[in-house]
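Me: Please take a close look at one part of this model, the surroundings of the ligand. I would like to know what lines the site and how the strands there are arranged.

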Amino acid sequence: MTPDSGTDLIRLIDLPVVSDPRGDLTFVEGETHVPFPIRRVYYLYNVPVDAERGGHAHRELEQVIFALSGSFRIKLDDGTARTEFWLRDPRKGLYVSRLVWREMDSFSQGAVCMVLASRPYEEGDYFRSHAEFVEQVRGAS
Ligand code: T46
């Protein structure tokens, strides 16, 4: 799994940008720029530079993850292969499908991560054990 592998599980999405002398404007429409109706928006901020977030996968949730400001690394694992992305451009979102393990680190000072999600928050949707996640995806394939 590489960033260019064209996998349906993970891909970068380029968003429109409207630029004029007042600055840049980017917009996102559910089912147009992201492949699902947007049911939830959340954001991470005040993240210490040595923090590690994620460390889980989701059973059903799809998301698009953005660095609105600053940068961070996201490491992804579909149960058989791993890849990683550095997000630092607010015009680019990272689509992450269900059944992808994610870990995030190397947040820059003041980074803001915004996430568009396909479902409301549901604790039961999480795999918090990597072993359980791998067992599920390998069993399903
Ligand atoms: C992902 C990364 C980018 C809520 O109550 N509502 C919410 O919508 C969310 C996302 C979390 N929470 C609660 C659940 C936990 O008690 O906030 C606490 C921290 O949540 P979590 O451990 O999921 O946070 P992250 O930053 O490790 O992961 C989240 C998403 O879960 C994950 O899917 O991709 O942000």
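Reply: What follows describes the ligand site and then a sheet. The model is predicted, and the ligand sits in its largest pocket. Of the 15 residues around the ligand, those that come nearest are R40, R53, G54, H58 and Y126. Sorted by class, the shell holds 7 nonpolar, 4 polar and 4 charged residues.

Oxygen atoms of the ligand have polar side-chain atoms beside them. For R40 the distance between such a pair is 2.5 Å. In the side chain of Q63, an N or O atom is 2.9 Å from a ligand oxygen, and for a polar side-chain atom of H56 the distance is 3.2 Å. The ligand taken alone exposes 650 Å², and the protein buries 70% of that area.

Several strands contribute to the shell. At least two residues each come from β4 (40-44), β5 (53-58), β6 (63-69) and β10 (101-105). The largest share is that of β5, which gives 4 residues.

Strands β5 and β10 also belong to an open sheet of 5 strands, ordered β8-β7-β10-β5-β12, with antiparallel pairing. β8 (82-87) and β12 (126-127) are at its edges; each has a single partner strand, so one side of each lacks a neighbour in the sheet. In general, strands of a sheet pair through backbone hydrogen bonds. At the β8 edge, the partner is β7 (residues 72-77), and the two strands are joined antiparallel by 6 bridges. Within this pair, I74 stands opposite F85 of β8.

Notes
Residues numbered from 1 in each chain as written. Predicted model: local features only at pLDDT ≥ 70, side-chain atom pairs only at ≥ 80, totals over all residues. Heavy atoms only, no water. Near = heavy atom within 4 Å. Polar contact = N/O pair within 3.5 Å; in protein donor to acceptor, adjacent residues only side chain to side chain. Areas by Shrake-Rupley, 256 points an atom, 1.4 Å probe, with all protein chains shown as cover. 1 Å grid on protein atoms, 1.4 Å probe; cavity = no way out; pocket = protein on both sides within 12 Å on 5 of 7 lines; lining within 4 Å. Sits in = over half its atoms within 2 Å of the grid points. Nonpolar A, V, L, I, M, F, W, Y, C, P; charged D, E, K, R; others polar. Pairing = 2+ DSSP bridges.
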